[in-house]
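Hi,

Here is the model I promised to pass on. Have a look at it first, and then read my notes below.

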Amino acid sequence: SARSGAAATAIGGGLFLAGGSSSTSSSLSYFDDVQYARIGSDGRLSPWIVSPNHLKTPRSNLSLVAVTTDQGTFLNAVAGVTQVGADTIHLDTIEVAKVEVDCTVGEWKLASYHLKGGRSTPQALAVRNIVVVIGGWGDLDLIDVYDDLQTAVVRSDGSPSPWRTSPGRLTTGIYGHATVFAEAEQQPGPSLLLSIGGQPGTGAYANWISYAYVLPSAPVPDAIGIWRIAATGRLPTGRAGLGAARSGVHLYVIGGNDANGRYYPDVLSARFDFGTP
């Protein structure tokens, strides 16, 4: 069914989609279904298959993260928003399910440890064996715009360990942004987190790109450095709800919408330099 706010990720030979929402003039629906399609050698997708195993909580504006441990490959459905009676609730929960080689998805289980603050439209991604949750929008519209980074080491069962708040915060609270992890091909080498666009507040849209280095550190397996705004490479317009991906040293920004209600069909690209931490 048609929807917005769904989350997607690719694992090996499969593409996975979870949750989302749709609305009409009289109703709002949140989805708990999980779908997958197999990716052919030519890049084409098989017909979508709906997994019999649904999320425990219907949710939209979530992130879907793939992680691998010694027990296999897992999906983490992170945060998002749902409806409870008349209340719109921003979630701090994470659900975990195992993915088999044939792309089938197992039963979803609620992770023991919750985020510090429920949020929708955060950016969550895997950085080596750590799940990183960046920013997001909470229950109080003008107050709960998060500038934090929360990190959790992935346990063998695919679930996050207790969440830590990174001392390195974003340059501002942000939601509706896009984030990518970029790691130099030759290791050891610099690794970057890039945060693109988003909304620092209601009615405000960012056109800047922020970055932070990911550094090896003990006792924490990975430490995230200070966030800075890149001096060059700003988007031509501020936008949120955009997508982003990288290949090598090229960053791609896809679509989004701006303060004037315009929705963009464009794809932007730019080279970036890893620099030196």
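I'll start with the pockets. Five strands each put at least two residues into the lining of the largest pocket: E1 (7-11), E7 (63-69), E13 (123-127), E17 (178-183) and E22 (243-247). Strands here are DSSP runs of E with at least two residues, and helices are runs of H or I with at least four, numbered from the N terminus. The biggest contributor to that lining is E13, with five residues.

Before I go further, a word on how to read all this. This is a predicted model, so local features need pLDDT of at least 70 and side-chain atom pairs count only at pLDDT 80 or more, while totals for chains, interfaces and linings use all residues. Residues are numbered from 1 along each chain as its sequence is written, and side-chain values use heavy atoms, with hydrogens and water left out.

Back to the largest pocket: its space comes to about 1,200 Å³. The lining has 40 residues, and Gln123, His177, Ala178, Leu242 and Gly243 are the closest to the centre. On the definition: working on a 1 Å grid over the protein atoms alone, a pocket is an open set of points with protein on both sides within 12 Å along at least five of seven lines, a cavity is a set where a 1.4 Å probe fits but cannot get out, and lining residues have an atom within 4 Å of a point. Points are joined across faces, edges and corners, and a volume is the space filled by probe spheres set on them. By class, this lining splits into 22 nonpolar, 16 polar and two charged residues. Ala, Val, Leu, Ile, Met, Phe, Trp, Tyr, Cys and Pro count as nonpolar, Asp, Glu, Lys and Arg as charged, and the others, Gly among them, as polar.

The second largest pocket has a volume of about 360 Å³. Of its 20 lining residues, Ile209, Ala230, Thr232, Arg271 and Phe272 sit closest to the centre. E18 (191-196), E19 (209-216), E23 (250-254) and E24 (267-271) each supply at least two residues of this lining, and the largest share, four residues, is from E24. In class terms there are 14 nonpolar, three polar and three charged residues.

What about enclosed space? The structure holds two cavities of 30 Å³ or more, and the largest has a volume of about 60 Å³. Its lining is made up of Leu170, Thr171, Thr172, Ile174, Ser195, Gly197, Trp208 and Ser210, which by class gives three nonpolar, five polar and no charged residues.

Next, the salt bridges. I count one where a side-chain nitrogen of Lys or Arg is within 4 Å of a carboxyl oxygen of Asp or Glu, and the total is eight. Three to look at:

- Arg59 and Glu95 pair at 2.9 Å, N to O. Arg59 is in the loop between E6 (49-50) and E7, while Glu95 is in E11 (94-99), 36 residues apart. Both are buried, that is, under 20% relative accessible area (exposed is over 50%, partly exposed in between; 1.4 Å probe, protein chains only).
- Asp148 and Arg119 have their closest N and O atoms 2.8 Å apart. Asp148 is in the loop between E14 (130-134) and E15 (149-153) and Arg119 in the loop between E12 (109-110) and E13, so this pair ties together parts 29 residues apart in sequence. Both of these residues are buried too.
- Arg169 and Asp147 meet at 2.8 Å, N to O. Arg169 is in the loop between E16 (164-165) and E17, and Asp147 in the loop between E14 and E15, 22 residues apart. Arg169 is partly exposed at 41% relative accessibility, and Asp147 is partly exposed at 27%.

One residue to click on is Thr179, in E17. Thr179 is buried, with 10% relative accessibility. Leaving out residues up to four places away in sequence, Thr179 touches Gln123, Leu125, Ile134, Leu193, Leu194 and Ser195, a contact being heavy atoms within 4.5 Å.

Finally, the chain as a whole: it has zero helices and 24 strands, and 47% of its 277 residues count as buried. Among contacts between residues at least 6 apart in sequence, 49% join residues at least 24 apart.

Cheers
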